[in-house]
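Dear colleague,

I am passing on the structure we talked about, and below it you will find some notes on what turned up in it. Please keep the structure open beside you while you read.

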Amino acid sequence: MIFPSMLQNKRVVLGVTGGIAAYKAAYLVRLFKQAGADVRVVMTRAAERFVCPLTFEALSENPVYNDMWQDNSQGKIAHIALAKEADVLVVAPATANSIAKFANGMADDPLSTLMLAVTAPKLVAPSMNINMYENPATQANLQILAKRGFCVLAPGIGFLACGDEGKGRMPDPEIILDRTAALITEKDLGGKRVLVTAGPTREYMDPVRFISNPSSGKMGFALARACEHRGACVTLVTGPVEMDDPINMRVIRVTTALEMAAAVNEYAANQDMVFKAAAVSDYRPAAATDQKIKDSRQIETLELAANPDILFELGRKKGNTVLVGFAAETQKLEEHSAQKMQKKNLDMIVGNIVGVSDSGFGADFNTVTCFYPDTPPDRLASQSKDSVAHAVIDRALTIYRKKGYE
Ligand code: C5P
């Protein structure tokens with residue numbers, strides 16, 4: 001999965017130390033680059049035994065810093081210059097030896113020296129044999145780093161290169177990217193509760209057939225992730241989608257509109273913001289059979305029953321909640337969005353035209369217009385769903401503050 005723009009205009013310094021998971025750091029560089037970051041790689045001597053610097057140089061499009069005594073570019077002292085320009089320092093994989101050096105303030109290689117000079121946020125992704133990880137010395141060192149404000153990721157669990165099974169794998173590069181973005185995002189939703197819905201619903205007529213739509217859930221997941229990065233306590237209610245649960249939030253997986261309505265009703269109370277990005281099926285087959293309907297060419301019509309309009313119900317009893325709806329339209333975006341906003345008593349509706357390339361259902365990008373009850377609409381440039389999410393949250397937060405809900 002790509003997260004374009006999650007790290008736009010950020011300088012990420014990636015420290016690679018000598019563990020077998022160093023090969024995964026190459027993919028991490030690609031993810032950082034795809035997310036819009038300028039990446040500088042620092043390697044220890046041991047890391048070079050696993051992956052050659054050229055790999056990181058090619059992927060990062062920057063020279064690798066691996067020798068404290070090499071030519072200090074343009075008369076600058078390399079580790080101090082790098083430290084000053086870093087928005088975040090990520091060490092992945094972080095070996096027990098490097099962690100021990102960081103905890104003890106040693107400075108005998110390019111990375112540990114840089115570590116002392118960096119004042120930006122720092123993240124370590126431990127990766128080692130389970131016994132080395134669980135050794136009290138390593139645990140004490142990790143605790144020291146955590147106390148000093150480092151983001152210390154828990155290692156993944158599974159097969160280890162040494163043949164053992166258990167804790168010790170380097171966390172997935174996607175997780176490291178997500179936590180890096182979270183670490184450097186301003187926490188302007190700190191202490192706020194946010195409910196997000198995402199994805200389609202499925203309305204079954206028999207155990208193998210259903211009515212649905214092509215919603216991928218990407219917009220809703222991007223909103224949930226962005227809210228979490230900004231410090232909110234997030235509940236995500238999602239229909240069937242192909243994505244893993246986003247990190248550090250309550251995720252409720254549902255299938256039908258009725259299940260989504262039940263989950264939303266359970267968690268809607270006391271939310272500061274609700275983003276209803278799910279493409280909920282308005283109708284369901286009036287009756288679903290337990291067994292597969294056999295093809296007898298006899299059925300001519302399918303009787304439907306109306307599903308509850310979840311957002312309409314939330315709008316009826318809206319307290320101090322900013323309520324944001326979504327409208328995917330094929331025509332008359334402004335007219336249809338305005339009608340929905342009024343009918344459902346929303347503070348904002350985010351409209352987009354579906355059926356155009358690279359926007360709407362399934363795409364990583366979206367072109368949306370935000371409509372409000374009493375101010376002119378706001379047309380946003382085409383951008384990644386991650387940055388649409390932040391732009392939508394910015395606007396919801398402005399409404400929240402204007403209404404004095406703070
Ligand atoms: O389907 P429609 O275009 O009316 O969706 C507009 C908004 O209403 C969306 O935010 C959607 O999540 C929400 N909705 C809902 N319950 C429905 C249908 C739509 O909450 N049954």
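In which sense do strand E1 (residues 11-16) and E2 pair, and over how many bridges? Bear in mind that this is a predicted model; in it, E1 and E2 run in the parallel sense and are joined over six bridges. You can find one position in this pairing by looking for Val12, which stands opposite Val39 in E2.

These two strands belong to an open sheet of five strands, which has the order E2-E1-E3-E4-E5 and parallel pairing. Strand E2 (38-43) and strand E5 (151-152) stand at the edges with a single partner strand each, so one side of each has no neighbour in the sheet.

The second part of my notes concerns the ligand, which sits in the largest pocket. Its surroundings include Lys276, Asp282, Phe326 and Lys344, and by class the shell has six nonpolar, one polar and five charged residues. At least two residues of that shell come from each of helix H12 (310-316) and strand E16 (322-329).

Several contacts involve the backbone: an oxygen atom of the ligand is 2.7 Å from a polar backbone atom of Ala278, while a nitrogen atom of the ligand is 2.9 Å from a polar backbone atom of Pro308. For Ile310, a backbone N or O atom lies 3.1 Å from a nitrogen atom of the ligand. Of the 450 Å² of accessible area that the ligand has on its own, the protein covers 89%.

With best wishes

Methods:
Residues numbered from 1 in each chain as written. Predicted model: local features only at pLDDT ≥ 70, side-chain atom pairs only at ≥ 80, totals over all residues. Heavy atoms only, no water. Near = heavy atom within 4 Å. Polar contact = N/O pair within 3.5 Å; in protein donor to acceptor, adjacent residues only side chain to side chain. Areas by Shrake-Rupley, 256 points an atom, 1.4 Å probe, with all protein chains shown as cover. 1 Å grid on protein atoms, 1.4 Å probe; cavity = no way out; pocket = protein on both sides within 12 Å on 5 of 7 lines; lining within 4 Å. Sits in = over half its atoms within 2 Å of the grid points. Helix = DSSP H or I, 4+ residues; strand = E, 2+ residues; numbered from the N terminus. Nonpolar A, V, L, I, M, F, W, Y, C, P; charged D, E, K, R; others polar. Pairing = 2+ DSSP bridges.
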